[in-house]
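Thanks, everyone, for making the time this morning. I would like to walk you through the pockets, the ligand site and the cavities of one model, and then finish with a few backbone details.

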Amino acid sequence: MSVKDELQKTIEDMVDDRRGLLAADESTGTITKRFEAAGIESTEETRRQYRQLLMSADNVGDYISGIILYEETLTQKSDDGKWLPELAASQGVVPGIKVDKGKGPLPGAEGDEITYGLDGLAERLREYKKQGARFTKWREVYNITDRNPTALGLKANAEMLARYAMVCQQEGFVPIVEPEVLIDGDHTMERSEEVNREVLHSVFHALHEHGASLEHMILKPSMVTPGKANGMAAPEAVAEATLRVLKRTVPAAVPAIMFLSGGQTPEQASANLNAMNVNPAANPWHVGFSYARALQQPVMDTWKGNPDQVAGAQDAFIKRAKLNTLAREGQYSADQE
Ligand code: 13P
């Protein structure tokens, strides 16, 4: 198969008008924090059990088309000896892999950050392919303050996303391009809209300059919301501002926009996604979800590391996944909770 056919096949397996992605790619540090908050000890074995629980849920492939994994998970097996990426694929869920190596300060742009991990990426991808991964994720992070992101921050982060996307497409992996504008702070909805617009504009400019294939990528952005200190806006307001920004910046050639949940509650993430899909025909791209916390919080809170709670935790996961497929069709309402 040519690289282009391979990319096209992966897009077709991942993008439809109902299902979404599960981000289960927390680094060991992050999952340990989340586990501890739910009273779960974080060991290689508990992480394996937890991620197996997610992938083996009944009919998960009816709601989830792809799962983003962390490197450790690629080398783990299920209780009955299947590689975990193989278990996902057997459920109709395409396995993918987070390939960035975390972030740190961007020198010369106080308050901005930059993500690491381009060195040796092509070689790593060849290994990940042997382990079953077919798509990738890379996250750049933007803080909102009165002066951030700076012009340099916008440019440097966009360059990283474009260079990452190019290496992945060259190696036959569909890149998820994730510019996350953080919800932290006391900024207004207007400021969030302005920053999201500048971020997406710079990212698509860089993708264009590098020659990325827009047809063979997925965008994973933030929704336009007020800073967390100001509470959540109404779903209609979030949808209106978010779609306005996306329509001004994201070419229609991009097949899908799959949002991150970014610290919204599971209910808020479903309600906001629903509001963006009340008239799906008006959107030039599929508008879906690629949630971590908004899909997993109730699962961890139910499981708590207890083998007797596996079935209950899987039910909690499928319930959230299903509610988000309803939101993709504009059919979600809070009374289904
Ligand atoms: P949240 O949905 O918890 O924001 O995570 C999505 C993600 O993959 C962040 O990189």
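Let me begin with a question to keep in mind while you look at the picture: which residues line the second largest pocket? Before I answer, please remember that what you see is a predicted model, and that the values I quote are computed from it.

The residues in question are Leu154, Lys155, Ala158, Glu159, Glu198, His201, Ser202, His205, Ala206 and Glu209. The elements that contribute two or more residues to this lining are helix H7, which runs over 151-170, and helix H8, which runs over 189-210. Of these, H8 provides the largest share of the lining, with 6 residues. The volume of this second largest pocket comes to about 160 Å³, and by class its lining divides into 3 nonpolar, 3 polar and 4 charged residues.

Let me now turn to the largest pocket, whose space amounts to about 760 Å³. It is lined by 35 residues, and those closest to its centre are Thr30, Lys98, Lys137, Arg139 and Glu180. Several elements give two or more residues to this lining, namely helix H2 (28-37), helix H6 (121-130), strand E6 (135-142), strand E7 (174-181) and strand E10 (286-291). If you are thinking about how to treat this site in a calculation, the composition by class may interest you, since the lining has 18 charged residues, together with 9 nonpolar and 8 polar ones.

Where, then, does the ligand sit? The space that the ligand takes is the largest pocket, and so the two descriptions can be read together, because a molecule is assigned to a pocket if more than half of its atoms lie within 2 Å of the grid points of that pocket. Around the ligand there are 13 residues, and the ones that come nearest are Lys137, Lys220, Ser261, Gly262 and Arg293. You will recognise Lys137 from a moment ago, as it is also among the residues closest to the centre of the largest pocket. Strands E6 and E10 each supply at least two residues of the shell around the ligand, and both strands also give two or more residues to the lining of the largest pocket. By class, this shell divides into 6 charged, 4 nonpolar and 3 polar residues.

Looking at individual contacts, I would point to three. A polar side-chain atom of Lys137 lies 2.6 Å from an oxygen atom of the ligand, and a polar side-chain atom of Lys220 lies 2.7 Å from an oxygen atom of the ligand. The third contact involves the backbone, with an N or O atom of the main chain of Ala292 placed 2.8 Å from a ligand oxygen atom. As for how far the ligand is covered, taken alone it exposes 300 Å², and the protein buries 93% of that.

Next come the enclosed spaces. How many cavities of 30 Å³ or more does the structure hold? There are 2 of them, and the largest has a volume of about 110 Å³. This largest cavity is lined by 14 residues, with Val181, Ile183, Ser222, Met223 and Thr225 nearest its centre. Its lining has 6 nonpolar and 8 polar residues and no charged ones.

The second largest cavity holds about 40 Å³ of space, and the residues lining it are Leu22, Leu54, Met55, Val60, Ile64, Ile67, Val93 and Phe317. Helix H3 (44-55) and strand E2 (64-69) each supply at least two residues of that lining. By class, its 8 lining residues are nonpolar, with no polar and no charged residues.

Finally, a few points about the backbone that you may wish to keep in mind when you inspect the coordinates. The peptide bond from Asn148 to Pro149 is cis, with omega near -5 degrees, and Pro149 is found in the loop between E6 and H7. Asn59, although not a glycine, has a positive phi of about 60 degrees, and this residue is placed in the loop between H3 and E2. Lys304, again not a glycine, has a positive phi of about 55 degrees, and its place is in the loop between helix H11 (293-303) and helix H12 (310-328).

That brings me to the end, and I am happy to go back to any part of the picture.

Conventions
Residues are numbered from 1 along each chain as its sequence is written. This is a predicted model: local features need pLDDT of at least 70, side-chain atom pairs count only at pLDDT 80 or more; totals for chains, interfaces and linings use all residues. Side-chain values use heavy atoms; hydrogens and water are left out. On a 1 Å grid over the protein atoms alone, a cavity is a set of points where a 1.4 Å probe fits but cannot get out, and a pocket is an open set with protein on both sides within 12 Å along at least five of seven lines; lining residues have an atom within 4 Å of a point. Grid points are joined across faces, edges and corners, and a volume is the space filled by probe spheres set on the points. Helices (H or I, at least four residues) and strands (E, at least two) are DSSP runs, numbered from the N terminus. Ala, Val, Leu, Ile, Met, Phe, Trp, Tyr, Cys and Pro count as nonpolar, Asp, Glu, Lys and Arg as charged, and the others, Gly among them, as polar. A residue is near a molecule or strand if one of its heavy atoms lies within 4 Å of it. A polar contact is a pair of N or O atoms within 3.5 Å; within protein, one must be able to donate a hydrogen and the other to accept it, and residues adjacent in sequence count only if both atoms are side-chain atoms. Accessible areas come from the Shrake-Rupley method with a 1.4 Å probe; for residues, only the protein chains shown count as cover.
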